[in-house]
Amino acid sequence: MTSDLASQVKDVLTVDREEFQARVEEDAEVIKRELEDGTFDNPQAIVGFEYEFYAVNAETKALSRVPRRLLSLIGFEKELGLHNAEMSTSPQPLNEYGLAAQESEVKARLSAAEDRAGAEGMRLVSDGLWTIPPTGETAGRYLTDGVEDDGVQIAANMSNSVRYHAMANTGEAVGMELDAPHVSLTSKTVMPESLITSIQPHYQVPHARDLPTYFEYATRIAAPLLALGVNSPFFPPDLYEDAPPEEIVDEAWMENRIHVFESVLNADDPGKVRFPDDIESAADAIDDVVDDRTIVPMPVSRSDRFDDEFAHFRLKHGTYWRWVRPVFGGSTRADANARIEFRPIAAQPTVRDSIAFQAAFAGLLESTFRREHPVHHLDWVVARDNFYAAMRDGLDADLYWITNSGEETTETDELFSDLFAHAKDGLQARGLSDEQAAKYLYPLRQRARHRVTPADWKKREVKERLEDGESLEDAISGMQRAYIDQQKETLLDGSFTDWN
């Protein structure tokens with residue numbers, strides 16, 4: 001007998017691709033008309049935040065599946081894997097009260113969630129990539145386990161979201177493999193993507209016509225912010241090929257999370273997941289989503305929400321995977337907005353570190369746009385190369401930058417001095433005091449000053465354990481348990497600077 005999930009997947013696969021695309025194109029024209037009418041202009045700068053976690057056994061620190069009833073109790077949303085949970089904050093104005101509200105909401109909801117999870121013997125972990133599989137299982141088996149149900153491939157440890165499962169059963173090409181230094185894994189589903197978790201700050205553009213300029217600044221600052229936030233150098237040990245442990249550690253990329261997402265979901269060139277192209281206009285941003293390859297066309301239901309007037313477009317946008325991407329939305333016409341979603345940053349060791357990235361991103365967009373910062377002229381190819389260099393080498397990457405004075409540089413100190421000055425300037429322009437702005441940026445300044453990121457901390461921990469004679473498996477697992485123990489003491493009321 002075919003399961004209900006398999007039947008739903010089969011139903012989705014019958015959706016006519018050409019008809020779906022036609023509806024997307026019609027929706028795009030609706031958005032463009034609203035753009036012309038100024039509907040997406042919303043002069044008050046607004047920020048929002050998405051925050052992903054994975055669950056572990058509180059005692060063993062092994063990955064743990066989250067009961068679906070628990071997700072609903074704690075007000076979190078399901079993500080790709082059964083071990084995942086996601087929180088989205090309420091949008092707030094970009095000012096001292098709005099940023100404080102963002103941080104307070106995250107802490108309030110996370111504290112309540114941890115209390116509930118603790119009663120179930122679990123913890124929610126803020127991290128870039130998990131490394132200890134469930135007790136008695138290997139990571140390779142956990143990520144690839146599944147069944148074929150009446151011709152439909154179902155991943156055993158994936159959430160029961162029809163769209164996720166449909167990706168493995170559509171005729172469209174999807175990578176469904178891991179490919180990183182000393183790691184390779186082939187899967188029949190996109191489940192390997194569930195290795196990774198992230199934070200995603202949102203910044204609302206005051207005037208939609210200015211979206212392309214803000215967007216260019218967002219892509220130019222992506223590399224240095226990524227370099228500060230790297231937090232996923234290691235995979236679960238059983239995924240590594242046979243190689244000397246020291247070689248595996250030395251050659252590990254600092255943000256494997258970036259390449260996991262790309263290798264699992266890309267099967268062609270250019271890939272679905274990639275560093276985004278520049279856009280010429282807000283309408284160009286809309287057309288880019290329309291022209292993107294559709295993986296899973298799905299049935300669309302409409303309500304009386306304003307953005308359901310372009311519901312097919314919204315659905316397609318859900319698989320428009322770029323590391324920085326434009327978003328058009330709003331539940332009502334009054335709330336309609338054009339915003340930028342920033343996706344390169346892994347989940348961080350503490351809430352304060354995570355909010356620091358939200359503040360830095362928003363402050364930088366405020367200041368670079370208002371002051372017409374010359375990094376706007378950094379060639380797109382250089383910006384892209386910067387991004388992948390930061391992925392590989394973190395703060396050791398040679399990043400090209402143009403300072404406020406117009407000078408080109410690869411000096412790390414000059415780059416971050418300029419970057420933080422503008423992030424602070426942008427926050428002060430939104431009413432934060434010198435002291436308040438400095439407090440938000442302090443955790444990231446310390447990383448730049450001391451050249452220590454969470455990925456550096458993890459590499460140091462593993463190297464020291466290897467030097468003490470531990471195996472690679474024990475060294476990585478020991479590091480991960482130490483990370484979770486440190487986080488337990490600092491997640492809500494400390495920062496990564498307390499770890500060193």
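**Exercise 1.** Is K424 buried or exposed, judging by relative accessibility?

*Solution.* Keep in mind that we are working with a predicted model. Step one: read off the value for K424, which is 18% relative accessibility. Step two: compare it with the cut-off, where buried means under 20%. K424 therefore counts as buried.

**Exercise 2.** Find the salt-bridge partner of K424 and work out what the pair ties together.

*Solution.* Start with the partner: K424 forms a salt bridge with D434, and their closest N and O atoms are 2.7 Å apart. Next, place both ends: K424 lies in helix α14 (residues 412-429), while D434 lies in helix α15 (residues 434-450), so the pair ties together parts that are 10 residues apart in sequence. Finally, check the partner's surroundings: D434 has 43% relative accessibility and counts as partly exposed.

**Exercise 3.** Describe the salt bridge between R23 and E26.

*Solution.* First, the distance: the two side chains meet at 2.7 Å, N to O. Second, the spacing: R23 and E26 sit three residues apart in helix α2 (residues 17-36), which means about one helical turn separates them. Third, the exposure: R23, at 26% relative accessibility, is partly exposed, and E26, at 43%, is partly exposed too.

**Exercise 4.** Now treat K107 and E103 likewise.

*Solution.* Their closest N and O atoms are 3.4 Å apart in a salt bridge. Both belong to helix α4 (residues 96-119), four residues apart, so about one helical turn lies between them. K107 is partly exposed at 25% relative accessible area, whereas E103 is buried at 16% relative accessibility.

Definitions and conventions
Residues numbered from 1 in each chain as written. Predicted model: local features only at pLDDT ≥ 70, side-chain atom pairs only at ≥ 80, totals over all residues. Heavy atoms only, no water. Salt bridge = Lys/Arg side-chain N within 4 Å of Asp/Glu carboxyl O. Helix = DSSP H or I, 4+ residues; strand = E, 2+ residues; numbered from the N terminus. Buried < 20%, exposed > 50% of the residue type's maximum accessible area, 1.4 Å probe, protein only.
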